[in-house]
Amino acid sequence: MYNVLVVEDDPMTRQLLEMFIERSDDYSLAASIDDAEFAPLYCSRNDIDLVLMDIRTAMRANGLDAAEIIKQRHPQVKVIICTSMPEFSYLQRAKEIGVDSFWYKQVVEDEFFDLMDRTMAGEHIFPDSTPELTLGKAKSSDFTARELEILRELMSGDSNQEIADRLSISVSTLKTHIQNLQEKTGYRNRTELAIRAREIGLVINDAAAKQE
């Protein structure tokens, strides 16, 4: 019997995960919390085999940060990142910090347990790509990594000069990227670009979100 810690701030999703685990013969619900900041401490004080970790949790705590700490302190604990956010950098970072698997949330019980079983057996399960989204006239796969990075920076509301300085590029180069983004999507200005990209979750600026 594996002890599972659920870290999820959405009440309905958390309840569903709890229900799945509680009716399983192989998994036991050790605890269910909504704030990722407390997950590493819980793993230190309790016998946890598997953590189901959301990324954006209560009090703006980042599940990837918590997962990194857990894998450093308790490498034997398996961590599955569970998210509905298609932000492209999340998948990359999850691999870099050594989490065991990555799951884009789907309410399919058989797939859920298959992922958990395979992860506990030592497999590392990651999707081949992020979900395909549409931003204006363009698909998410139409954007380069640099363009996605610039989209994220536009959410900060900072000036072109401030963004260019952070990215170590010229303002002229930044403006060219923004113009290309507008041409691809059909949006008329950088503000509309940023708002629409954020609404669909294509990119997320965590620093900007914390200021809200």
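**Close-ups of a predicted model**

By the ring-pairing rule used here, with ring centres within 6.5 Å, the count comes to seven aromatic pairs. The views below come from a predicted model.

**View 1. Phe20 meets Phe112.** These two rings make a tilted aromatic pair, 5.4 Å centre to centre with 45° between the planes. Phe20 sits in helix H1 (residues 11-22) and Phe112 in helix H5 (residues 109-120), so this pair ties together parts that are 92 residues apart in sequence. Both Phe20 and Phe112 are buried.

**View 2. Phe20 also pairs with Phe113.** Here the rings are again tilted, at 6.4 Å centre to centre and 50° between the planes. Distant parts of the chain get linked once more: Phe20 belongs to helix H1, Phe113 to helix H5, and their positions lie 93 residues apart in the numbering. With a relative accessible area of 5%, Phe20 is buried. Phe113 comes out at 14% relative accessibility, and it counts as buried because the cut-off is under 20%.

**View 3. The aromatic cluster.** Zoom out from Phe20 and the ring pairs join up into a cluster. Its members are Tyr2, Phe20, Tyr27, Trp103, Phe112 and Phe113.

**View 4. Helix H6, largely enclosed.** Take a look at H6, residues 145-154: seven of its ten residues are buried, so the rest of the structure largely encloses this helix. The buried ones are Glu147, Leu148, Ile150, Leu151, Arg152, Glu153 and Leu154. What do they pack against? Their neighbours are four helices and a strand, namely H4 (88-97), H7 (160-167), H8 (171-185) and H9 (190-200), plus strand S6 (134-135).

**View 5. H7 crossing H8.** Two of the helices that pack against H6's buried residues, H7 and H8, also pack against each other, with their axes 9 Å apart and an angle of about 100°. That angle falls in the 65 to 115 degree range, and H7 and H8 are therefore roughly perpendicular to each other. On the H7 side, the residues in the contact are Asn160, Gln161, Ile163 and Ala164. They meet Val171, Leu174, Lys175 and Ile178 of H8. Sorted by type, the residues of this contact split into five nonpolar, two polar and one charged.

Key
Residues numbered from 1 in each chain as written. Predicted model: local features only at pLDDT ≥ 70, side-chain atom pairs only at ≥ 80, totals over all residues. Heavy atoms only, no water. Buried < 20%, exposed > 50% of the residue type's maximum accessible area, 1.4 Å probe, protein only. Contact = heavy atoms within 4.5 Å. Axes fitted to C-alpha atoms, helices over the stretch in contact; angles between N-to-C directions. Parallel < 35°, antiparallel > 145°, perpendicular 65-115°, else oblique. Nonpolar A, V, L, I, M, F, W, Y, C, P; charged D, E, K, R; others polar. Phe/Tyr/Trp six-rings, centres within 6.5 Å; stacked < 30°, edge-to-face > 60°.
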